[in-house]
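This briefing is intended for a reader working directly with the coordinates. Its topics are domains, confidence, nonpolar cores, sheets, the chain contact and local backbone geometry.

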Amino acid sequence: MQTVKDALREIRRYPSAIVGLLIVLMLVVLSIYVVIAIPYREAITLWRGGEGTWRSLPRTVPPAWINTFRSQKLPETIDLDSRKGAAERQEAPLGEGKSVTLLYTFDYQADDFPREINIFFETSYKERAPFASITWYTPDGREIAIADLALQAGSTSYRFAQDDKLLRRIRRQVGDVPPEVGLFVAPNPPENPRPLKGTYRVKIQATAFDPETQIDAELVVYGKVHGIAGTDHLRRDLKIALLWGAPVALAFGLLAAAGTTITTMIIAAIGVWFSGVVDNLIQRITEIVLMLPLLPILIMVGTFYSRSIWVILGVTILLSIFGSGIKTYRAVFMQIRESPYVEAAQAYGASDWRIIFRYLVPRIVPMLIPNLVTLIPSYVFLEASLAVLGLGDPQLPTWGKVIQDAVANGAPYKALYYWVLEPSALLMITGLGFAMLGFSLDRIFNPRLREM
Amino acid sequence: MSEQAVAIPRKKVQSASFLQSTFARILRYTLIRGVTLFITVIIGVYLTVLVANMGGYVDQIRKGDIRETITIQVMNNPALRNLGPDAKRQLIEEKIRLEEHRLGLDQPFLIRSFRFLENALTLRLGFAQLMNSNSGSRQVKLILLERLPATLLLFGIADIFLFFLSLFLALILSRQYGSFWDRLFVVLSPTSSAPGWFYGIFLILIFAGWLRILPFGDLVDAPAPQSRLLYALSVGKHLILPIMALTVSSIFLSVYSWRTFFLIYSSEDYVELAKAKGLSGRAIERRYILRPTLPTIVTNFLLTVISLWTGAPIFETVFNWPGLGRALYQAVGLFDVPVIVGSTVIFAYLLAITVFLLDIIYAILDPRVRVGA
C-alpha cells in the first residue's frame, strides 16, 4: 500500500505520466461506458446488420462538427418517416378504395446541396397495388412532378437519382444536373449554383383500391455530414466502430501484454534459479524466437485457421513467451538470486518453486509494471496491423478495420480524410497514453535511469 | 646492432600472429553464429511447415506442384501427341499416382514434414495457384525473388539512413544533455510505439493527398522513364515518403536510448582521466565514448531492424511498394497458399541474414570477441 502511495506521489512529478494516466483512465471509462451503453449484440447488429439498418444514412460523409469550421454549412440528413408521425396524413374514401395523402414539410437552410434523395415505401394491400404520385414544392412556389408509380407489397424504394424520366425532366427545366441539385437550386442559377433556402414540401398522393390498404413512406434527404464520426462506404455510422474499438483495443493490448510479460518473467526466473542446462536451453530458445517472422506467421494463422481475435491473441502470447524481455529479467534475477534472504530461504529448506514464486518473482514486479504498460501499444498496433491486412476479427468492429475499409476504398485519394484520421487519431492517443505512462513509470520504478 | 636486426622481424611476426589469431577468433565467432542462425532458420521454417500443414495445405501445394509438372510434361511430349484426350488424362493420373508414391506423399506426416522442410529450405516452393511473376511464371520462387530487390532497396536504404542519422543525432544530444532538443526527443520517444505504416498513412495524406508534391506510392512513375538516370530519379522520389515513415517511426526511441548509452559511458572514470589529460572533446568522443558504446548500439539497432523487417508486409501494402511484403499481402487476399508459405520462408531467411550481417559487424566491433574473452 505504501509503495502504491509513494508511486502516486512520484507520478505527480512527471507531467507526461499525468497526461498518460489521464488518457488511460479516459479510455477505460469510455470502454466501460460503451460496453454497457451499446451491448455486444447491438453493436454487431449495427455494424453488420445489412442495408436496412443503415439505409437512412448518407454514404461516406464527414462528421457534423466540421460545419463549425466552415463558413458554408453542409446539410445534415433530413429523415421524415410517416410511421413516426413526421408526415401530415389525410385519408378519404374514394369509390371502393380510398385516397391517401402524405405531406412532408421541411426547412432547408444549408449552403450546399444534399447528397441524394430517396423515398422508402412500406405498403400492404389486398388485391391491386395502390398507385402513387410524388410532387415537389419549392419555397418560391414552383411545383415539380417527380414520379408516378405503383407500390408493390412490402418494402419498395424510390431513388430520385435512378429515375430516368425525372432526370430528363430536370434536364429540360434546370439543366444537366442530378435531381438533388435540380430540385433545390434557385431558378436561373448563376455560375456556381446555390440551393434555395426555405420551406420545402413533398406530397405523396396515393390511390388505393381497397379500404384496408396501408401506405407508409419515409422521405430521406441525405445530408453531407453525419453524427460525431461520419459514415463509411456502406452508410454505416463510424461512431459504432470507433466506440467499440476502444474496449477491443484495450482488452487485446492488456491481455497480450500481461500474458507475455508474466510468462516471460516466470520463464526467466526458472532459468536463473535452475541455471545450467535449463538456463542455457531457455537462452537458446529466446534467440531463436527473437528471429521468427512473427507477422508472417500470424498472417498464416489468420489465413488458414481463424481470424478470431482471441485465437490471434493466443498465438501472439505463445510466440512471445520466449520474448526479448527474458534477457532483461534474467540480469535482474541474477542479482536477486545472490541476496541473503534467498539464501536464508534455501537454508530453512524452501522448495525450488516456492523460492521462484515467493522470493524471486515478487521482487521484479516494480520492473514488470512499466514494461507491461509500455508493451500495450505495440499489441494494440499489432491488432490494427492485422486488421489493415484484412485479417481482422470477422465480427468485431475495430479501429484497424475502419482504417482498412478506408484505405481499401481509396479514402486517401478521394480526400475522405476524416475516415482515416479518426481511427488513426484514436490509435495514436491510445498508443501515446500507454507509452508515456510506461516510460515515466520506468523512470520512477528504476531510479537508475532517472539520472540520465 | 645485429640483435636489433633480429628483434625487429620477430616483433613483426608476433603482431602478424596476433592479427591471425584475432582473425581466427572473429571467423570462429562468425562461423558459430552462422551455424546457430541456420539452425534457427530450420526451426522457423519447420514451424511454418507445421502451421501450414495442420490444414493439409502443404500437401496440397506439393500435389498441385506434381500435377502441374506432369500435365505439362505429357501435354508437351511430341511422342504422345496422337493419344486421345481420355487416354492422355488416364496417363496423367497414373503418372501422378506413381510420382506421389515415389515422393512419399502416402507416408506418415512426421516423415513427410521433413521432406517439406528440405524443399522449403532449398527454396523449392512449388507453383502458385493464382499469382504470376512479371515474366509470367507460376513458380513461387521466381515470383518472390523477383520482388526481393524492391524490398531490399527500400529497407536497406532505410536501415542505413536510420542508423547513421540516429547515431549522429544521439551524439549531438549527448553533448547538450538537458537542452531543449534533448528534452524534446525524450518527450517524443513514446511516439515510436506506433509502427511505420501508421505514420505512412499520415505522410501520404499530407504529402501526396493534400500538398500533392510526392507520389502516393509504387516504385516508379507510370509509365516508367526510359533513361536510366530518370528512372533512378523517379525511384528516388518514390523512396522519400516510405523512408520518412520508417524514420519517423523509430528515430525518437533510437536517439533517446543511444544518447542514454553515450551518457552512461561518458560518466566512466577513464573518460574523466582523458579529460584531465587534456584530450580534445572530439578525440574523447571518438575513442572513449563512441568506441565502447558501438557494440551495445549495434545490438539495439538489430532489434529495430528486426521489427522493421517484420512489419514489411503491411508497410509495403500501405505504400503500394512492389516488394516481398506486398506479395504476401496479395497472396492473403487471393488465398494463394503456396505464395503465403513461400513468403514466410523467405522472410525467415531474410531475418537470419540480417542478423548474421550485424553479428559480423558486432564481432569486429566488440573487443571481447577479438581477444577471445
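**Structural briefing**

The C-alpha centres of domain 1 and domain 2 of chain A are 54 Å apart. Domain 1 of chain A combines residues 2–45 with 236–449, whereas domain 2 of chain A covers 70–221. The model is predicted, and its scores are ipTM 0.78 and pTM 0.82.

**Confidence in chain B**

- Chain B has a mean pLDDT of 83, with 93% of its residues at 70 or more.
- Within chain B, helix α5 (residues 140–175) has the highest confidence, at 92, and helix α14 (residues 367–371) the lowest, at a mean of 70.
- Residues 1–8 of chain B stay under 50 in pLDDT, and the model gives them zero contacts beyond four places in sequence.

**Nonpolar cores**

- In soluble globular proteins, nonpolar side chains tend to be buried together.
- The largest nonpolar core in this model contains 151 residues, and Ile299(A) and Ile340(B) have the most contacts inside it.
- The greatest contribution to this core comes from helix α7 (residues 238–274) of chain A, which gives 19 residues.
- Another core, of 33 residues, lies apart from it and includes Tyr200(A), Val202(A), Ala206(A) and Ile215(A).
- Beyond its neighbours within four places in sequence, Ile299(A) is in contact with Leu389(A) and Leu391(A) of chain A. The contacts of Ile299(A) in chain B are Pro313(B), Leu328(B), Val332(B) and Ile340(B).

**Sheets of chain A**

- Strands of a sheet pair through backbone hydrogen bonds, either parallel or antiparallel.
- One open sheet of chain A has five strands in the order β2-β3-β8-β5-β6, with antiparallel pairing. Its edge strands, β2 (88–94) and β6 (143–150) of chain A, each pair on one side only. From one strand to the next, the twist averages 15°.
- In that sheet, strand β5 (residues 131–137) of chain A runs antiparallel to β6(A) and is joined to it by seven bridges. Leu149(A) in β6(A) is the bridge partner of Ala132(A).
- An open sheet of four strands in chain A follows the order β1-β9-β4-β7, also with antiparallel pairing. The strands at its edges are β1 (78–81) and β7 (154–159) of chain A, each of which pairs on one side only. Neighbouring strands of this four-stranded sheet are turned by 15° against each other on average, direction ignored.
- Strand β4 (residues 116–124) and strand β9 (residues 214–222) of chain A run antiparallel and are joined by nine bridges. Phe120(A) has Glu218(A) in β9(A) as its bridge partner.

**Contact between the chains**

- Chain B contributes 47 residues to the contact, and chain A contributes 38 residues.
- On the side of chain B that touches chain A, at least two residues each come from several helices, including α1 (2–53), α8 (228–266), α10 (281–310) and α13 (337–365) of chain B.
- Helix α13(B) gives the most to that side of chain B, with eight residues.

**A mostly covered helix**

- Helix α14 (residues 399–408) of chain A has eight of its 10 residues buried.
- The buried residues of α14(A) include Trp399(A), Val402(A) and Ile403(A), as well as Lys401(A), Gln404(A) and Asp405(A).
- Among the elements that cover the buried residues of α14(A) are α7, α13 (352–388) and α15 (417–445) of chain A.
- Gly410(A) follows α14(A) and has a positive phi, near 70°.

**Backbone geometry**

- Most residues other than glycine have a negative phi, and most peptide bonds are trans.
- Arg235(A), which is not a glycine, has a positive phi of about 70°. Arg235(A) lies in the loop between β9 and α7 of chain A. Because 18 other C-beta atoms lie within 10 Å, Arg235(A) is classed as partly exposed.
- Arg212(B) also is not a glycine and has a positive phi, of about 55°. Arg212(B) is in the loop between α7 and α8 of chain B. With 9 other C-beta atoms within 10 Å, Arg212(B) is exposed.
- The peptide bond between Ala222(B) and Pro223(B) is cis, with omega about -5°. Pro223(B) is located in the loop between α7 and α8 of chain B.

Key: Residues numbered from 1 in each chain as written. Chains lettered and ligands numbered in written order. Predicted model: local features only at pLDDT ≥ 70, side-chain atom pairs only at ≥ 80, totals over all residues. Domains from an automatic or database assignment. Core = buried A, V, L, I, M, F, W, Y, C linked by C-beta atoms within 7 Å. Buried ≥ 20, exposed ≤ 12 C-beta atoms within 10 Å, placed from the backbone. Contact = placed C-beta atoms within 7 Å. pLDDT = per-residue confidence, 0-100. Pairing = 2+ DSSP bridges. Axes fitted to C-alpha atoms, helices over the stretch in contact; angles between N-to-C directions.
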